[in-house]
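Open the model in your viewer and keep the sequence panel beside it. Each stop below gives a selection and then says what is there.

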Amino acid sequence: MLASTSRTAMNDEGRHSVSFDVHRVRDDFPILKRRIRGRPLVYLDSAASAQKPKAVLDAMQVAQETIYANVHRGVHTLSQEATDAFEAAREKLRAFINAASADEIIFVRGATEGINLVAATYARKFLSAGDEIILSELEHHSNIVPWQLLQAEKGIVIKVAPIDDDGNFLLPAFERLLSPRTRLVAVTHVSNALGTVTPVRAIIEAAHRAGAKVLLDGCQAVPHLAVDMQALDVDFYAFSGHKMYGPTGIGVLYGKKELLATMPPYQGGGEMISTVTFAKSTFKEPPHRFEAGTPAIVEAIGLGAAADYLTALGREAVRAHEQALLAYASQRVSALPGLQIVGRAAEKAAIVSFVMEGVHAHDIGTILDRAGIAVRAGHHCAQPLMERLGLAATARASFGLYNTMEDVDALADALKIVREIFA
Ligand SMILES: *Cc1c(COP(=O)(O)O)cnc(C)c1O
């Protein structure tokens, strides 16, 4: 067993070292004290939804107890304080992804809504029959189905960039798909099913050279990596709060200011208008143009707290800790007889998908649960990817900043028992 309690890494700026004490970090997460079937919880399902630290839970509770009111409409004190807190959260998210302006941060329900927003506004307005969108074989259903809906409506063409058998994104093959008709490239930054980190800088550069815009699905990137909108020069970037230790019901769509300015509204209603008459309505500037109706006020404040929490821990320290977990988990799991890791890309986030010979992934998940270990089993909302790999399902252990080397040992020991049951 490896010693795991603390780890030293350079911080984001690389100026001085910060220490990452995982056992202290675990104390920030009340749910990790739970026992499951009499055993300590080993939570390895953060890629589906990460647990929330007390800082996030407290920020939401305090907001509801002290400043809660509807935003943007009121002249009274509470409404102004709620508006200030909501807009302060927008600024926190801007800083978190280093966007140039807080006006580029649109609060949405999650990545799914963010991608649908781009499809329903930008793509519906600017793409016509025969125009091409490039996706990849790694995509989550939420970055496939919105484009198919648009395809049915407008006759656009969907092309799919391939991966190799290890789950690596194949850059040269992608570049060959680019054509003068390519209008948009919509790919994931990190695969939720395999952990593959895609070569986003090269993808963005090649797409821009071809005159196409780029949307990245950043759901699995923001919890694991520092992301920088200005350095990436990406056009749209979508992610969900609940994958980055924040609440459900809130997420962010980043869009470049000059693009957002050209886009029509997504939904109509309150908050997004300047004037309304029965003859005609006029709309606010972005981001408010895209935020019709009362937003998820408390959840936005919670997401701001999650961004602060990750920043305070140090994104590079988190990454280093998770990379150590990934290396150890890959080694332990692949050493087990009859077990095969699915997804061995050169660059990965801390996600380990695997199959066991002769055992269904759901049975693995059920038996691991008896040992208090939470993993996901299934197609991970990526059925085309599973089909590409010739699999119906995998079991997936996904790690977060609160996981330990002991968690990896617990997983490996329980998998040995699964093996024995089915031997
Ligand atoms: C979870 C996830 C989504 C969808 O996020 P929602 O929060 O369900 O909207 C999209 N893409 C990836 C890669 C994901 O992991």
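Select Phe236 and Gly255: Gly255, in S12, is the bridge partner of Phe236. Helices (H or I, at least four residues) and strands (E, at least two) are DSSP runs, numbered from the N terminus. Now widen the selection to strand S11 (residues 236-240) and strand S12 (residues 251-255), which run antiparallel and are joined by five bridges. Two strands count as paired if DSSP finds at least two bridges between them.

A note on what you are looking at: this is a predicted model, in which local features need pLDDT of at least 70, side-chain atom pairs count only at pLDDT 80 or more, and totals for chains, interfaces and linings use all residues. Residues are numbered from 1 along each chain as its sequence is written, and side-chain values use heavy atoms, with hydrogens and water left out.

**The seven-stranded sheet**

Show the strands around S11 and S12. In what order do the seven strands of this open sheet stand? The order is S6-S12-S11-S10-S9-S7-S8, and the pairing is mixed. Select strand S6 (105-108) and strand S8 (157-161) to see the edges; each has a single partner strand, so one side of each is left without a neighbour in the sheet. From one strand to the next, the twist averages 20°. In a regular strand the side chains alternate between the two faces of the sheet.

**Helix H3 and its partners**

Add H3, which lies across S6, S11 and S12 and runs at about 115° to S6. Axes here are lines fitted to C-alpha atoms, for helices over the stretch in contact, and angles run from 0 to 180 degrees between N-to-C directions. Contact means heavy atoms within 4.5 Å.

Next, select helix H3 (residues 77-96) together with helix H10 (residues 297-313). Their axes come within 8 Å and cross at roughly 35°. To see the contact, show side chains: the H3 residues include Phe86, Leu93 and Phe96, and those in H10 include Ile301, Ala307 and Leu310. By class, this contact of H3 with H10 has 11 nonpolar, two polar and two charged residues. Here Ala, Val, Leu, Ile, Met, Phe, Trp, Tyr, Cys and Pro count as nonpolar, Asp, Glu, Lys and Arg as charged, and the others, Gly among them, as polar.

**A hairpin and two backbone details**

Select strand S13 (residues 273-276) and strand S14 (residues 281-283), which pair in the antiparallel sense over three bridges. A hairpin of four residues joins S13 to S14. Thr275 stands opposite Thr282 in S14.

Move on to the loop between S14 and H10, where Pro287 is found. Pro286 and Pro287 are joined by a cis peptide bond, with omega about 5°. Then pick Asp233, in the loop between helix H8 (229-232) and S11. Its phi is near 60°, a positive value in a residue other than glycine.

**The four-stranded sheet**

Which strands make up the open sheet of four? They are S15-S16-S19-S18, in that order, with antiparallel pairing. At the edges are strand S15 (339-342) and strand S18 (376-378), each of which pairs on one side only. The twist averages 30° from one strand to the next. S15 and strand S16 (residues 351-356) are paired over four bridges, and Leu339 stands opposite Met356 in S16. Add helix H14 (residues 405-422), which lies across S15, S16 and strand S19 (394-398) and runs at about 15° to S16.

**Last stop: confidence**

Colour by pLDDT, the predictor's confidence in each residue, from 0 to 100. The protein averages a pLDDT of 95, and 96% of the residues score at least 70. Over residues 1-17 the pLDDT is below 50. Where pLDDT is low, the predicted coordinates should not be read in detail.
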